[in-house]
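Reader: I should be grateful for a close examination of a single part of this structure and of its surroundings. Please set out the reasoning step by step.

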Amino acid sequence: ERHLPVVVSCLLQAAMRIVVLTIGGEEVARLDAEASWSLEDILQEIGETATTKGTRRRILYGQQELSHEHTLGKLDVRNGAQLTLVLSRAQRIVTASADCTAKIWEVESGKCLDTLEGLLYGHDKTVTCAAF
């Protein structure tokens with residue numbers, strides 16, 4: 001009786017040790033990461049320790065930015081790699097409206113952060129301009 005060999009191909013994703021630093025070189029975290037990790041995974045592991053309200057967090061590997069579509073494996077991140085956490089203020093815009101309000105928006109997410117209603121500020125007219 002003749003047996004044909006069965007070939008099973010699988011990709012093993014070994015854990016890698018990475019370090020996340022600030023631009024100033026301060027260590028934020030040491031992580032045992034997987035090649036399949038995305039930006040969300042790293043930010044979740046880091047937690048809120050390195051942020052304040054209204055801060056945008058970005059992770060860089062060399063000159064490449066880790067995005068929602070990329071994984072550590074796609075960026076060729078290896079064991080012992082150093083990633084850089086970049087903190088910046090979230091960009092905001094303000095709009096004026098005929099409904100007697102002004103709104104503050106976060107540019108990146110499109111989320112309305114606050115609505116300033118005219119009656120609370122002593123008027124009931126169309127808001128024709130707004131500025132920070």
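Author: The part chosen here is helix 1, which spans residues 39–46 and in which Leu-39, Ile-42, Leu-43 and Ile-46 are buried. The model is a predicted one. The four buried residues lie on the same side of helix 1, because they cover an arc of only 95° around its axis. A general property of helices is relevant here. An α-helix has 3.6 residues a turn, so residues three or four places apart point the same way.

The next matter is what covers this side. Strand 1 (16–22), strand 2 (27–33), strand 3, strand 4 (64–66) and strand 5 (82–89) are among the elements that cover the buried residues of helix 1.

The end of the helix deserves attention as well. Gly-47 follows helix 1 and has a positive phi, near 75°. The backbone oxygen of Gly-47 is also 2.7 Å from a polar atom of the Arg-57 side chain. Arg-57 belongs to strand 3, which comprises residues 55–61, and strand 3 is one of the elements that cover the buried residues of helix 1. Arg-57 counts as buried because its relative accessible area, 18%, is under the 20% limit.

Two of the covering strands, strand 1 and strand 2, are also linked through charged side chains. Asp-32 and Arg-17 form a salt bridge in which the closest N and O atoms are 3.1 Å apart. This pair joins distant parts of the chain, since Asp-32 is in strand 2 and Arg-17 in strand 1, 15 residues apart. Arg-17 is partly exposed, at a relative accessible area of 36%.

Over the whole structure, a search finds 4 salt bridges. As a general point, side chains of opposite charge can pair when their charged atoms come close. Another of these pairs consists of Glu-65 and Arg-58, whose closest N and O atoms are 3.2 Å apart. Glu-65 is partly exposed, with a relative accessible area of 32%, and Arg-58 is likewise partly exposed, with a value of 23%.

A further salt bridge brings together the side chains of Arg-78 and Asp-76, at 2.7 Å from N to O. Arg-78 is exposed, with a relative accessible area of 52%, whereas Asp-76, at 43%, counts as partly exposed.

To return to the helix: its buried residues share one side, strands including strand 3 cover them, and the Gly-47 that follows helix 1 has its backbone oxygen 2.7 Å from a polar side-chain atom of Arg-57.

Terms used: Residues are numbered from 1 along each chain as its sequence is written. This is a predicted model: local features need pLDDT of at least 70, side-chain atom pairs count only at pLDDT 80 or more; totals for chains, interfaces and linings use all residues. Side-chain values use heavy atoms; hydrogens and water are left out. Buried means under 20% relative accessible area, exposed over 50%, partly exposed in between (1.4 Å probe, protein chains only). A polar contact is a pair of N or O atoms within 3.5 Å; within protein, one must be able to donate a hydrogen and the other to accept it, and residues adjacent in sequence count only if both atoms are side-chain atoms. The arc is that of the directions from the helix axis to the C-beta atoms. Contact means heavy atoms within 4.5 Å.
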